[in-house]
Amino acid sequence: STVIEKSRSTSRTAPEAAESGAYPYLQLFGAVVGGWLTTRTAALAAQRVAAGDDADGFHAGQIATARFYAATVLAQADALAIAATDGADAVADDARK
């Protein structure tokens, strides 16, 4: 992944810069893992719905939850990736002053 490669190279050359991206990196990691898990759940739920096994609407709700997660949480992934890899510039600029 580009974020991981950039973080690795930055941590070798400028550890303080890598540290400044730790929080958004962890947020990104959590969002992506959450997306992976909700996608897996939605895929299984879609199989149940297709088989007619959703009398109470529970599985349809899981699919709706995955769509909501993708539209709201995963939509932030690009911004978090930028903050994790390029946020150090602001920290370095402040340190030089």
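**Helix α3**

I started with α3, residues 22-50, in this predicted model. I counted 29 residues in α3. From first C-alpha to last, α3 reaches 42 Å, close to the 42 Å expected at 1.5 Å a residue. Next I listed what is buried along α3: Pro24, Leu28, Ala31, Gly34, Gly35, Ala42 and Ala45. I also checked what follows the helix: just after α3, Gly52 has a positive phi of about 80°.

**Helix α4**

I moved on to α4, residues 58-72. This helix has 15 residues and reaches 21 Å between its first and last C-alpha, close to the 21 Å expected at 1.5 Å a residue. Which residues of α4 are buried? I found His59, Ile63, Ala66 and Tyr69. Looking down the axis of α4, I see these buried residues fall within an arc of 120°, so they line one face of the helix. What do the buried residues of α4 pack against? My note here says α3. On the other side of α4, I have Arg67, Phe68 and Ala71 down as exposed.

**Two residues of α4**

I picked His59 from α4 for a closer look. Is His59 buried or exposed? Its relative accessible area is 12%, and the cut-off for buried is under 20%, so I call His59 buried. Leaving aside neighbours within four places in sequence, I get contacts from His59 to Ala45, Arg48, Val49, Asp53 and Asp54. Ala45, one of these partners, is also on my list of buried residues in α3.

Then I took Phe68, also found in α4. Is Phe68 buried or exposed? I read a relative accessible area of 57% for Phe68, and exposed means over 50%, so Phe68 counts as exposed. I also looked up its separation from Thr38: the two are 30 residues apart in sequence and 10.0 Å apart in space, C-alpha to C-alpha.

**The nonpolar core**

Which residues make up the largest nonpolar core? I wrote down six: Val3, Leu28, Ala77, Leu80, Ala81 and Ala84. Helix α5, residues 77-86, gives this core its largest share, with four residues. Leu28 of this core is also among the buried residues of α3. I followed Ala84 outward: not counting residues up to four places away in sequence, Ala84 touches Val3, Gly21, Pro24 and Tyr25. Of those, Val3 belongs to the core as well, and Pro24 is a buried residue of α3.

**The whole chain**

I zoomed out last. The protein has six helices and zero strands, and I read the order from the N terminus as α-α-α-α-α-α. How many of the 97 residues count as buried? I have 24%. For contacts between residues at least 6 apart in sequence, I noted that 61% join residues at least 24 apart. The protein exposes about 6700 Å², with carbon and sulfur atoms supplying 60% of that.

**Confidence**

I checked how far to trust the model. The mean pLDDT is 86, and 76% of the residues score at least 70. Where is confidence lowest, and where highest? It is lowest in α6, residues 88-96, at a mean of 62, and highest in α4, at 97. I added a reminder to myself: where pLDDT is low, the predicted coordinates should not be read in detail.

Methods
Residues numbered from 1 in each chain as written. Predicted model: local features only at pLDDT ≥ 70, side-chain atom pairs only at ≥ 80, totals over all residues. Heavy atoms only, no water. Helix = DSSP H or I, 4+ residues; strand = E, 2+ residues; numbered from the N terminus. Buried < 20%, exposed > 50% of the residue type's maximum accessible area, 1.4 Å probe, protein only. Contact = heavy atoms within 4.5 Å. Areas by Shrake-Rupley, 256 points an atom, 1.4 Å probe, with all protein chains shown as cover. Core = buried A, V, L, I, M, F, W, Y, C linked by side-chain atoms within 4.5 Å. Expected span 1.5 Å × (residues − 1). Arc of directions from axis to C-beta. pLDDT = per-residue confidence, 0-100.
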